[in-house]
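Morning, everyone. I have one chain to show you today. Let's put it on the screen.

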Amino acid sequence: LAAADPRVLALAAQVTESREQDIPLLLLKLKGILNSASLGCEEAKKIKQDIYDYDLTQYCMLVLRQDHSRLLGGWDTAAQLAEILSHCCVGLEVKEDPEEFYKKFLPSAIDNLLFLGRRLQARFIRAIKDEEKQDFLHWFQTVTDAICWLFGGHIQLAACVLQNDHFLQLLITDDVETAIIMMSVLHSILKVNSSVLLQVDEETLHSVLDELVYKLSSTTNPVIGNAATKLLLLVAKFCKQLVKLLTARYKGLKGLLSKQWTGKGFDRDLFQLLDLLDLEQSNGKGEMQRQHQAACIIQAMWRGFQTRKRLKKLPQAVTTLQRSFRAKREQELQHLKKQKEDEALKLQMQLQRQRAMRLFHERQLALLEIIHASQVNKYMEEMEGKSALTIQRFWRGYRARRNFHQQRQSLKEYKAAVIIQRAALKFLEKRRRRRPLSPWIDPKGLTDEQRLALQQKVDDYIKLHPASQMSEEMSKELHMQAQEKLAQFLLRSRLDQRAAQRRETLLAQVNTDVELLMNAPGLAETTEKDLDVFMSRSIPVATKARQSHNTMLKYTRWPWWKKLGDEFVEDDVIPDDVLNAELGTLFIGGRK
């Protein structure tokens, strides 16, 4: 065995040891290795075999699936790798496990190349800048050329390309540039393998032909029309069986081609296609005429039946039509009459409003002339007050009516619920009354044996638990003990009550002294009268009583709007918070 190429060995080692994001740039070195040998020579075949044996072609195929917008080199690197992959596969003769190469590797390579083409097509359509669009279109052209080169070297891949979903998605596009490129790929497929359309399934064949006919019918671009016409002509020339399919499946294709695409610059190909379609149509003309005559007879019979049926229903239909017409005309007249009445009423109300406004202004001017100048402001204030009251009254009425209309539904639902509940309660009461009483079931009596056994158990229990008996002396002694404990409790509670009252008295006295000290003047301003206040216990009491009396008088003189919260309080009752504010620190009675 010949030794492997050292450049391939070194590159394989670098790819194995490098990071994933660096592999695409390393694989670009394969282009220089492939270009070093002339195309078709033994050295080139040996290099391609080494590249495949060291799995570098597998690396190229897997890298095509990645998103190259995030990798170094971008989509230009992806397009170059697609070209490298196609050149590595064409001319390669695998001797070890060829089924793996032809049945699995090559279809996977085609699928990855088409997937890359879909990504480039989508980015080309979304691109905005002209320079960016040109770059994506160039890369897309490179990838499609690599696909053509690959199935040109392996003819069996033509059917694989046509049956791939990515190819159909690439062909079904409204973009002109990429559509032309994809139709050129389809043209290359038909050139390489003319019978490929007969090898694919019927659904794929119909999808391809439908797209070509759709492009002819939906666009006026002569470039698209020329490419689609050439493809249909190629299909009709190479596959005679498909001409019948074109004439049967697309009835108006001949008229579409002759009316829309004549004189667009490709009349030679167009006329050849029309001649092929005419030839096929003339062969099946007799069958078509017979079917046409049969269809005409069926249609004539059906139209006669429909006409006779319509004539039978004609009188009733005329009556119904006249009735509906008169009803509609009467409705329109009523609507016009109502509309005129509404307009007249609106005009009359507007005139009345203007007349009333004019009379009001005249009355105002007359009153202003009569009233003295000093009373004008007072009169204007009174009028403003009356106007405000009128506006408020109308607003409250409007708001009350609106709330009533809003609550009408809920009120109706509430009344309905009450009626339903009342009816349900009446029904339950009647049902309860009609329920028959359960018949009285007499308890089963005890037999003589059961009665004797129960009596024996009762006697045994009485013997084991005899009743406790207390003498009269013990009862009197227990009564005396209870009386003594009750007296002790009452005496102790009375003493506790007095102690609590004394504590409250001392606390009130302390609060009074504290307040007097807080309100007392300084030592420099103290007089004998101020000293008497602290020496006597009656003066503070009298002062606090006077203050509380003044507070009560002040409360009774409050205006009505301050007593709105006390509407249901008796007149001689003063709120506790008012009294507590004044009497909270008052010491009344008590002793030291």
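**A buried threonine, then the whole chain**

Start with Thr 77. Thr 77 has a relative accessible area of 4%, so it counts as buried. One caveat before we go on: this is a predicted model.

Where does Thr 77 sit? It is part of helix H6, which covers residues 74-89. Now look across to Trp 139. In sequence, Thr 77 and Trp 139 are 62 residues apart. In space, their C-alpha atoms are 9.4 Å apart.

Zoom out to the full chain. How many helices and strands does it have? The count is 25 helices and 0 strands. The chain runs to 592 residues, and 26% of them count as buried. Thr 77 is buried too, at 4% against a cut-off of under 20%.

Next, contacts. Take those in the chain with a separation of 6 or more. Of these, 73% are between residues 24 or more positions apart.

Then the surface. Accessible surface for the chain totals about 43100 Å². Carbon and sulfur atoms hold 57% of that area.

Last stop: charge on that surface. Which residues form the negative patch here? Asp 53, Asp 55, Glu 96, Asp 97 and Glu 99 make up this negative surface patch.

Pick out Glu 99. Glu 99 belongs to helix H7, residues 98-126. Is Glu 99 buried or exposed? Its relative accessibility is 55%, and the exposed class starts over 50%, so Glu 99 counts as exposed.

So that's the pair to remember: Thr 77 buried at 4%, Glu 99 exposed at 55%.

Notes. Residues numbered from 1 in each chain as written. Predicted model: local features only at pLDDT ≥ 70, side-chain atom pairs only at ≥ 80, totals over all residues. Heavy atoms only, no water. Helix = DSSP H or I, 4+ residues; strand = E, 2+ residues; numbered from the N terminus. Buried < 20%, exposed > 50% of the residue type's maximum accessible area, 1.4 Å probe, protein only. Contact = heavy atoms within 4.5 Å. Areas by Shrake-Rupley, 256 points an atom, 1.4 Å probe, with all protein chains shown as cover. Patch = residues over 30% accessible without salt bridge, like charges linked within 9 Å, V, L, I, M, F, W, Y side chains within 5 Å. Salt bridge = Lys/Arg side-chain N within 4 Å of Asp/Glu carboxyl O. Lys, Arg positive; Asp, Glu negative; His and termini not counted. Charge placed at Lys NZ, Arg CZ, Asp CG, Glu CD.
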